[in-house]
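Let's take a friendly walk through a protein model together. Have a look at the picture first, and then read on.

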Amino acid sequence: MCSSDLEGGVRFCLPTPAASWAEAILNPKGRMQKLGVKAGQRVAVVGVDDAEFLSELHAQVAATPELEGLDLLFYGADSAEALARIGELAPSLAPRGALWVVSLKGKAARVRTSRSWRRSSPTVSSTPRYAPSRPLIRL
């Protein structure tokens, strides 16, 4: 990607990655795209009552009440008891499905995950931009 001539006849070219960075900066991904939500997926929501999030989600896909063969499951878990239920929800995922856990952040969230739970989880990643007070963890 080369710039047009600048003042004084200076011209420069950026390497290929810079062009993709510029594209990403000019056209940032939306929250649903960052979370991997795509049209046609089987998606369910359990225990998440964020109206803005649900509106964005429903603009992309129609959530199903059936917990079977899910591509994505968004699960609200603000207590140790709610986190313990993850084992019950995991079988509802399709083979390559993902479980996103929405939980409280900061001092209000006294929920800790054990090391053994983290070892047994195939993939754990976080997306901090879900909401300022509610981080998201992908399992």
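What follows goes from the whole chain to its strands, then to a few residues, and ends with confidence.

**The chain as a whole**

Please keep in mind that this is a predicted model. The chain has 6 helices and 5 strands. Starting from the N terminus, you meet them in the order α-α-β-α-β-α-α-β-α-β-β. Of its 139 residues, 32% count as buried. The accessible surface of the chain is about 9,300 Å², and carbon and sulfur atoms account for 54% of it. Contacts also tell you about the fold: among those between residues at least 6 apart in sequence, 60% join residues at least 24 apart.

**Strands side by side**

Now find strand β2, residues 70-76. Which strands does β2 pair with? On one hand there is β1 (residues 43-46), which runs parallel to β2 and is joined to it by 4 bridges. On the other hand there is β3, which pairs with β2 in the parallel sense over 6 bridges. The table gives one pair of bridge partners for each pairing.

| Strands paired | Bridges | One pair of bridge partners |
|---|---|---|
| β1 and β2 | 4 bridges, parallel | A44 and L73 |
| β2 and β3 | 6 bridges, parallel | F74 and W100 |

Strand β3 spans residues 93-102 and is mostly covered, with 8 of its 10 residues buried. To see how β1 and β2 are connected, follow helix α3, residues 51-60. Together, β1, α3 and β2 make a left-handed β-α-β unit.

**Two rings that meet**

How many aromatic pairs does the structure hold? There is 1 aromatic pair. Its rings belong to F53 and F74, with centres 5.1 Å apart; their planes stand at 70°, so the pair is edge-to-face. This pair links distant parts of the chain, since F53 sits in helix α3 and F74 in strand β2, 21 residues apart. Both F53 and F74 are buried. You have already met F74 as the bridge partner of W100 in β3.

**Two residues to compare**

Is L70 buried or exposed? L70 is in strand β2, and it is buried, because its relative accessible area is 0%. Leaving aside residues up to four places away in sequence, L70 touches R42, V43, A44, T64, S92, L93, A94 and G97. Take A44 from that list: it lies 26 residues from L70 along the chain, yet their C-alpha atoms are separated by 7.1 Å.

For Q33, look at helix α2, residues 31-34. Q33 is exposed, because its relative accessible area is 51% and the cut-off for exposed is over 50%. The C-alpha atoms of Q33 and Q60 are separated by 9.4 Å, while the two residues are 27 residues apart along the chain.

**How sure is the prediction?**

The mean pLDDT of the chain is 77, and 65% of its residues reach 70 or more. Where is confidence highest, and where is it lowest? It is highest in β1, at a mean of 96, and lowest in helix α6 (residues 115-120), at a mean of 40. Over residues 107-126, pLDDT stays under 50, and the model has 22 contacts beyond four places in sequence for this stretch. Where pLDDT is low, the predicted coordinates should not be read in detail.

Definitions and conventions
Residues are numbered from 1 along each chain as its sequence is written. This is a predicted model: local features need pLDDT of at least 70, side-chain atom pairs count only at pLDDT 80 or more; totals for chains, interfaces and linings use all residues. Side-chain values use heavy atoms; hydrogens and water are left out. Buried means under 20% relative accessible area, exposed over 50%, partly exposed in between (1.4 Å probe, protein chains only). Helices (H or I, at least four residues) and strands (E, at least two) are DSSP runs, numbered from the N terminus. Two strands pair if DSSP finds at least two bridges between them. Contact means heavy atoms within 4.5 Å. Accessible areas come from the Shrake-Rupley method with a 1.4 Å probe; for residues, only the protein chains shown count as cover. A crossover is right-handed if, with the strands pointing away from the viewer, the path from the first strand over the helix to the second runs clockwise. Rings of Phe, Tyr and Trp (its six-membered ring) pair if their centres lie within 6.5 Å; planes under 30 degrees apart count as stacked, over 60 as edge-to-face and the rest as tilted. pLDDT is the predictor's confidence in each residue, from 0 to 100.
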